[in-house]
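Trainee: Pick one part of this model and take me through it slowly, please. I'd like the contacts rather than the grand tour.

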Amino acid sequence: MNDFPMNDSIPVTRDLLRSMPLPHPGDSADKDGRGRVLVIGGSVEVPGAVLLAGTAALRAGAGKLQMATCRSVAPHLGLAVPEALVLGLHETAEGGIAPDCVDTLCERAARCTAVLIGPGMMDKLAVADLTGALIAGLDGEGGPVLVIDAEALMGLDNANEALCRRGGRTIITPHAGEMAGLSGVSREEVEADPPTAARRVADLHKVIVVLKGACTHIATPDGRIWAYDGGNVGLATSGSGDTLAGVIAGLAARGADPAQAAIWGVHLHGEAGNRLARRGPLGFLARELLAQVPEIMAELSA
(Lines give C-alpha, C1' and ligand atoms only; values in the text may rest on other atoms or scores of the structure.)
Protein backbone atom coordinates (compact mmCIF):
# COMPACT_ATOMS: atom_id res chain seq x y z
CA MET A 1 0.00 0.00 0.00
CA ASN A 2 1.27 3.47 -0.87
CA ASP A 3 2.19 6.06 1.76
CA PHE A 4 0.74 9.42 0.80
CA PRO A 5 1.70 12.93 1.98
CA MET A 6 -0.90 14.92 3.89
CA ASN A 7 -2.24 18.43 3.35
CA ASP A 8 -1.67 18.62 -0.41
CA SER A 9 -5.31 18.55 -1.56
CA ILE A 10 -6.22 20.63 -4.61
CA PRO A 11 -9.12 23.01 -3.81
CA VAL A 12 -12.25 22.54 -5.94
CA THR A 13 -13.00 26.02 -7.25
CA ARG A 14 -14.89 27.56 -10.13
CA ASP A 15 -11.60 28.21 -11.89
CA LEU A 16 -10.61 24.56 -11.53
CA LEU A 17 -13.89 23.44 -13.07
CA ARG A 18 -13.52 25.85 -15.96
CA SER A 19 -10.10 24.31 -16.62
CA MET A 20 -11.75 20.86 -16.99
CA PRO A 21 -14.92 21.61 -18.99
CA LEU A 22 -17.61 18.97 -19.22
CA PRO A 23 -18.08 17.22 -22.56
CA HIS A 24 -20.88 18.76 -24.61
CA PRO A 25 -22.87 16.49 -26.94
CA GLY A 26 -23.37 19.19 -29.57
CA ASP A 27 -26.57 20.91 -30.59
CA SER A 28 -27.53 18.19 -33.07
CA ALA A 29 -27.12 15.27 -30.65
CA ASP A 30 -30.11 13.09 -29.80
CA LYS A 31 -30.77 11.60 -26.36
CA ASP A 32 -28.57 8.58 -27.11
CA GLY A 33 -25.72 11.00 -27.73
CA ARG A 34 -26.11 12.33 -24.20
CA GLY A 35 -25.65 8.93 -22.57
CA ARG A 36 -27.81 6.37 -20.81
CA VAL A 37 -27.80 5.89 -17.04
CA LEU A 38 -29.19 2.99 -15.01
CA VAL A 39 -30.04 3.58 -11.34
CA ILE A 40 -30.42 0.43 -9.24
CA GLY A 41 -31.88 0.81 -5.78
CA GLY A 42 -34.86 1.43 -3.58
CA SER A 43 -36.78 -0.84 -1.25
CA VAL A 44 -40.28 -1.15 0.11
CA GLU A 45 -39.19 1.06 3.02
CA VAL A 46 -37.29 3.70 1.00
CA PRO A 47 -38.67 3.82 -2.56
CA GLY A 48 -38.05 7.55 -3.06
CA ALA A 49 -34.25 7.42 -3.03
CA VAL A 50 -34.21 6.06 -6.59
CA LEU A 51 -36.49 8.90 -7.67
CA LEU A 52 -34.06 11.47 -6.27
CA ALA A 53 -30.99 9.83 -7.77
CA GLY A 54 -32.56 9.22 -11.18
CA THR A 55 -33.94 12.74 -11.48
CA ALA A 56 -30.53 14.11 -10.44
CA ALA A 57 -28.89 12.15 -13.28
CA LEU A 58 -31.24 13.76 -15.80
CA ARG A 59 -30.66 17.22 -14.30
CA ALA A 60 -26.91 16.66 -14.77
CA GLY A 61 -27.48 16.16 -18.49
CA ALA A 62 -27.89 12.43 -19.09
CA GLY A 63 -30.08 11.71 -22.10
CA LYS A 64 -31.83 8.48 -21.04
CA LEU A 65 -32.76 7.17 -17.61
CA GLN A 66 -33.58 3.62 -16.54
CA MET A 67 -34.42 2.75 -12.94
CA ALA A 68 -34.45 -0.77 -11.50
CA THR A 69 -36.23 -1.32 -8.20
CA CYS A 70 -38.48 -3.71 -6.29
CA ARG A 71 -41.44 -4.97 -8.30
CA SER A 72 -44.02 -3.81 -5.75
CA VAL A 73 -42.96 -0.16 -5.94
CA ALA A 74 -41.97 0.01 -9.62
CA PRO A 75 -45.39 1.14 -10.98
CA HIS A 76 -45.52 4.02 -8.52
CA LEU A 77 -42.00 5.07 -9.43
CA GLY A 78 -42.88 4.97 -13.13
CA LEU A 79 -45.76 7.39 -12.54
CA ALA A 80 -43.61 9.67 -10.40
CA VAL A 81 -40.82 9.83 -13.03
CA PRO A 82 -42.55 9.60 -16.42
CA GLU A 83 -39.25 10.39 -18.17
CA ALA A 84 -37.78 7.03 -17.12
CA LEU A 85 -38.04 3.38 -18.06
CA VAL A 86 -38.71 1.55 -14.79
CA LEU A 87 -37.81 -2.11 -14.32
CA GLY A 88 -39.58 -4.05 -11.55
CA LEU A 89 -37.40 -6.79 -10.03
CA HIS A 90 -38.01 -9.81 -7.86
CA GLU A 91 -37.74 -8.77 -4.20
CA THR A 92 -36.66 -10.46 -0.99
CA ALA A 93 -38.92 -11.12 1.98
CA GLU A 94 -37.35 -8.06 3.61
CA GLY A 95 -38.47 -5.82 0.74
CA GLY A 96 -35.20 -5.39 -1.15
CA ILE A 97 -34.00 -6.31 -4.64
CA ALA A 98 -33.19 -10.04 -4.82
CA PRO A 99 -29.60 -10.96 -5.75
CA ASP A 100 -30.84 -13.45 -8.35
CA CYS A 101 -31.74 -10.46 -10.55
CA VAL A 102 -28.08 -9.80 -11.27
CA ASP A 103 -28.06 -11.34 -14.77
CA THR A 104 -30.92 -9.08 -15.84
CA LEU A 105 -29.17 -6.06 -14.35
CA CYS A 106 -25.82 -6.88 -16.00
CA GLU A 107 -27.53 -7.20 -19.36
CA ARG A 108 -29.14 -3.78 -18.92
CA ALA A 109 -25.98 -2.23 -17.51
CA ALA A 110 -23.86 -3.35 -20.45
CA ARG A 111 -25.96 -1.10 -22.71
CA CYS A 112 -25.52 1.96 -20.48
CA THR A 113 -22.82 4.60 -20.14
CA ALA A 114 -23.11 4.83 -16.36
CA VAL A 115 -24.67 2.70 -13.62
CA LEU A 116 -25.49 3.76 -10.05
CA ILE A 117 -26.28 1.20 -7.37
CA GLY A 118 -27.18 1.76 -3.74
CA PRO A 119 -29.71 4.55 -3.07
CA GLY A 120 -32.50 3.38 -0.78
CA MET A 121 -31.33 -0.25 -0.54
CA MET A 122 -31.95 -1.70 2.93
CA ASP A 123 -31.59 -5.52 2.95
CA LYS A 124 -27.91 -5.67 4.00
CA LEU A 125 -27.04 -9.25 3.05
CA ALA A 126 -28.93 -9.15 -0.23
CA VAL A 127 -27.40 -5.80 -1.16
CA ALA A 128 -23.85 -7.02 -0.51
CA ASP A 129 -24.43 -10.15 -2.61
CA LEU A 130 -26.06 -8.21 -5.45
CA THR A 131 -23.36 -5.54 -5.52
CA GLY A 132 -20.53 -8.06 -5.55
CA ALA A 133 -22.18 -10.01 -8.37
CA LEU A 134 -22.83 -6.84 -10.38
CA ILE A 135 -19.21 -5.73 -10.09
CA ALA A 136 -18.07 -9.18 -11.19
CA GLY A 137 -20.50 -9.04 -14.11
CA LEU A 138 -19.07 -5.70 -15.23
CA ASP A 139 -15.49 -6.97 -15.00
CA GLY A 140 -12.74 -5.47 -17.14
CA GLU A 141 -11.74 -2.03 -18.36
CA GLY A 142 -14.63 -1.56 -20.77
CA GLY A 143 -18.28 -1.06 -19.96
CA PRO A 144 -20.09 1.63 -18.03
CA VAL A 145 -18.76 3.85 -15.28
CA LEU A 146 -20.06 2.35 -12.03
CA VAL A 147 -21.11 4.55 -9.09
CA ILE A 148 -21.56 2.76 -5.74
CA ASP A 149 -23.39 4.47 -2.90
CA ALA A 150 -24.90 3.85 0.53
CA GLU A 151 -25.58 0.23 1.57
CA ALA A 152 -24.08 -1.12 -1.67
CA LEU A 153 -20.64 -0.02 -0.47
CA MET A 154 -20.58 -3.03 1.82
CA GLY A 155 -20.34 -5.27 -1.24
CA LEU A 156 -16.90 -4.04 -2.31
CA ASP A 157 -14.92 -6.69 -0.46
CA ASN A 158 -16.87 -9.37 -2.35
CA ALA A 159 -15.33 -8.30 -5.66
CA ASN A 160 -12.05 -6.48 -5.07
CA GLU A 161 -10.20 -8.21 -7.90
CA ALA A 162 -12.92 -7.30 -10.39
CA LEU A 163 -12.92 -3.71 -9.12
CA CYS A 164 -9.18 -3.45 -9.67
CA ARG A 165 -9.53 -4.76 -13.22
CA ARG A 166 -12.06 -2.02 -14.01
CA GLY A 167 -9.14 0.41 -14.25
CA GLY A 168 -10.50 3.29 -12.18
CA ARG A 169 -13.94 3.29 -13.85
CA THR A 170 -15.70 2.95 -10.49
CA ILE A 171 -16.69 5.80 -8.15
CA ILE A 172 -17.68 5.25 -4.52
CA THR A 173 -19.41 7.85 -2.33
CA PRO A 174 -19.05 6.96 1.37
CA HIS A 175 -19.52 9.16 4.41
CA ALA A 176 -17.08 8.79 7.31
CA GLY A 177 -18.95 5.90 8.94
CA GLU A 178 -19.09 3.91 5.72
CA MET A 179 -15.43 4.69 5.04
CA ALA A 180 -14.54 3.34 8.48
CA GLY A 181 -16.21 0.06 7.54
CA LEU A 182 -14.31 -0.09 4.26
CA SER A 183 -10.99 0.79 5.90
CA GLY A 184 -11.23 -1.39 8.99
CA VAL A 185 -10.59 1.61 11.27
CA SER A 186 -12.77 3.72 13.54
CA ARG A 187 -14.89 6.61 12.36
CA GLU A 188 -12.77 8.87 14.55
CA GLU A 189 -9.62 7.83 12.70
CA VAL A 190 -11.25 8.60 9.35
CA GLU A 191 -12.43 12.01 10.54
CA ALA A 192 -8.98 12.81 11.94
CA ASP A 193 -7.33 12.38 8.52
CA PRO A 194 -9.86 12.12 5.66
CA PRO A 195 -7.33 12.53 2.81
CA THR A 196 -5.28 9.54 3.93
CA ALA A 197 -8.38 7.39 4.43
CA ALA A 198 -9.69 8.32 0.98
CA ARG A 199 -6.38 7.67 -0.74
CA ARG A 200 -5.86 4.29 0.89
CA VAL A 201 -9.24 2.97 -0.17
CA ALA A 202 -8.78 4.44 -3.66
CA ASP A 203 -5.46 2.62 -3.92
CA LEU A 204 -6.78 -0.63 -2.44
CA HIS A 205 -9.80 -0.98 -4.71
CA LYS A 206 -8.57 1.13 -7.69
CA VAL A 207 -11.62 3.39 -7.47
CA ILE A 208 -12.40 7.09 -7.32
CA VAL A 209 -13.37 7.90 -3.71
CA VAL A 210 -15.75 10.72 -2.84
CA LEU A 211 -15.44 10.89 0.96
CA LYS A 212 -18.37 13.07 2.02
CA GLY A 213 -18.22 15.48 4.93
CA ALA A 214 -18.12 19.17 5.86
CA CYS A 215 -15.07 19.09 3.61
CA THR A 216 -15.48 16.45 0.90
CA HIS A 217 -12.35 14.77 -0.45
CA ILE A 218 -12.07 13.18 -3.91
CA ALA A 219 -9.19 10.73 -4.32
CA THR A 220 -7.94 8.72 -7.29
CA PRO A 221 -5.97 5.44 -7.34
CA ASP A 222 -2.81 7.27 -8.44
CA GLY A 223 -2.81 9.44 -5.29
CA ARG A 224 -4.28 12.68 -6.60
CA ILE A 225 -6.76 14.35 -4.25
CA TRP A 226 -9.11 17.32 -4.33
CA ALA A 227 -11.04 18.99 -1.51
CA TYR A 228 -14.34 20.89 -1.53
CA ASP A 229 -15.37 22.79 1.58
CA GLY A 230 -17.84 25.23 0.04
CA GLY A 231 -21.10 23.60 1.13
CA ASN A 232 -23.27 24.31 4.15
CA VAL A 233 -25.01 22.48 6.98
CA GLY A 234 -28.34 22.52 5.14
CA LEU A 235 -26.98 19.75 2.88
CA ALA A 236 -26.95 17.40 5.88
CA THR A 237 -30.52 16.27 5.21
CA SER A 238 -32.32 13.10 4.17
CA GLY A 239 -31.83 12.27 0.50
CA SER A 240 -28.91 14.64 -0.04
CA GLY A 241 -26.48 11.79 -0.68
CA ASP A 242 -28.86 10.25 -3.21
CA THR A 243 -28.91 13.48 -5.20
CA LEU A 244 -25.11 13.74 -5.14
CA ALA A 245 -24.68 10.17 -6.37
CA GLY A 246 -27.24 10.78 -9.11
CA VAL A 247 -25.53 13.95 -10.32
CA ILE A 248 -22.17 12.14 -10.49
CA ALA A 249 -23.74 9.26 -12.44
CA GLY A 250 -25.44 11.67 -14.83
CA LEU A 251 -22.18 13.49 -15.55
CA ALA A 252 -20.42 10.18 -16.17
CA ALA A 253 -23.23 9.10 -18.49
CA ARG A 254 -22.77 12.15 -20.68
CA GLY A 255 -19.05 11.40 -21.08
CA ALA A 256 -17.14 12.97 -18.17
CA ASP A 257 -14.25 10.80 -17.02
CA PRO A 258 -14.76 9.36 -13.51
CA ALA A 259 -12.58 11.84 -11.60
CA GLN A 260 -14.05 14.77 -13.52
CA ALA A 261 -17.60 13.56 -12.86
CA ALA A 262 -16.84 13.26 -9.14
CA ILE A 263 -15.23 16.71 -8.85
CA TRP A 264 -17.96 18.47 -10.83
CA GLY A 265 -20.70 16.55 -9.04
CA VAL A 266 -19.46 17.52 -5.59
CA HIS A 267 -19.26 21.18 -6.57
CA LEU A 268 -22.67 21.26 -8.27
CA HIS A 269 -24.28 19.61 -5.24
CA GLY A 270 -22.62 22.03 -2.81
CA GLU A 271 -23.39 25.13 -4.86
CA ALA A 272 -27.03 24.05 -5.24
CA GLY A 273 -27.22 23.92 -1.46
CA ASN A 274 -25.64 27.35 -1.15
CA ARG A 275 -28.26 28.88 -3.42
CA LEU A 276 -31.10 27.35 -1.47
CA ALA A 277 -29.48 28.44 1.81
CA ARG A 278 -29.94 32.08 0.84
CA ARG A 279 -33.56 31.65 1.92
CA GLY A 280 -32.39 30.16 5.22
CA PRO A 281 -29.58 27.79 6.16
CA LEU A 282 -31.87 24.96 7.30
CA GLY A 283 -35.11 23.45 6.06
CA PHE A 284 -34.62 23.05 2.32
CA LEU A 285 -35.22 19.58 0.88
CA ALA A 286 -32.93 17.32 -1.10
CA ARG A 287 -35.42 17.30 -3.98
CA GLU A 288 -35.10 21.09 -4.23
CA LEU A 289 -31.41 20.81 -5.04
CA LEU A 290 -32.14 19.25 -8.41
CA ALA A 291 -33.65 22.25 -10.18
CA GLN A 292 -30.56 24.32 -9.35
CA VAL A 293 -28.10 22.06 -11.18
CA PRO A 294 -28.68 23.00 -14.87
CA GLU A 295 -28.28 26.73 -14.21
CA ILE A 296 -25.05 26.24 -12.23
CA MET A 297 -23.63 24.04 -15.00
CA ALA A 298 -24.53 26.64 -17.62
CA GLU A 299 -22.84 29.42 -15.67
CA LEU A 300 -19.64 27.41 -15.22
CA SER A 301 -19.62 26.43 -18.90
CA ALA A 302 -20.17 29.99 -20.18
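Mentor: Start at valine 210, which touches Ile171, Ile172, Thr173, Pro174, Thr216, His217, Ile218, Ile248, Ala262 and Val266, leaving out residues up to four places away in sequence; contact here means heavy atoms within 4.5 Å. Keep in mind that this is a predicted model, where local features need pLDDT of at least 70 and side-chain atom pairs count only at pLDDT 80 or more, while totals for chains, interfaces and linings use all residues. Residues are numbered from 1 along each chain as its sequence is written, and side-chain values use heavy atoms, with hydrogens and water left out.

Valine 210 sits in strand E8; strands (E, at least two residues) and helices (H or I, at least four) are DSSP runs numbered from the N terminus. The residue is buried, with a relative accessible area of 0%, where buried means under 20%, exposed over 50% and partly exposed in between, using a 1.4 Å probe and protein chains only. For a sense of scale, 29 Å separates its C-alpha atom from that of glycine 88, 122 residues apart along the chain.

Now follow strand E8 (208-211) to helix H7 (residues 176-183). E8 is among the elements covering the buried residues of H7, along with strand E7 (170-173), helix H8 (187-192) and helix H9 (194-205). Those buried residues are Ala176, Glu178, Met179, Ala180 and Leu182. After H7 comes glycine 184, with a positive phi near 75°.

Just before that helix, histidine 175 occupies the loop between E7 and H7. Histidine 175 touches Leu211 and Lys212, again skipping residues up to four places away in sequence. Unlike a buried residue, histidine 175 is partly exposed, at a relative accessible area of 32%.

Histidine 175 also leads us further out: an unreviewed UniProt entry puts the feature "binding site" at Ala49, Gly120, His175 and Asp242. Such annotations may be inferred rather than shown by experiment, feature names are shortened, and the positions are in the numbering used here. Glycine 120 is in the loop between strand E5 (114-117) and helix H5 (124-137), and is buried at 11% relative accessible area. With the usual exclusion of residues up to four places away, glycine 120 touches Gly42, Ser43, Val46, Ala49 and Asp242. Ala49 and Asp242 turn up again where helices H2 and H10 meet: Ala49, Leu52, Ala53, Ala56 and Ala57 in H2 contact Asp242, Thr243, Gly246, Val247 and Gly250 in H10.
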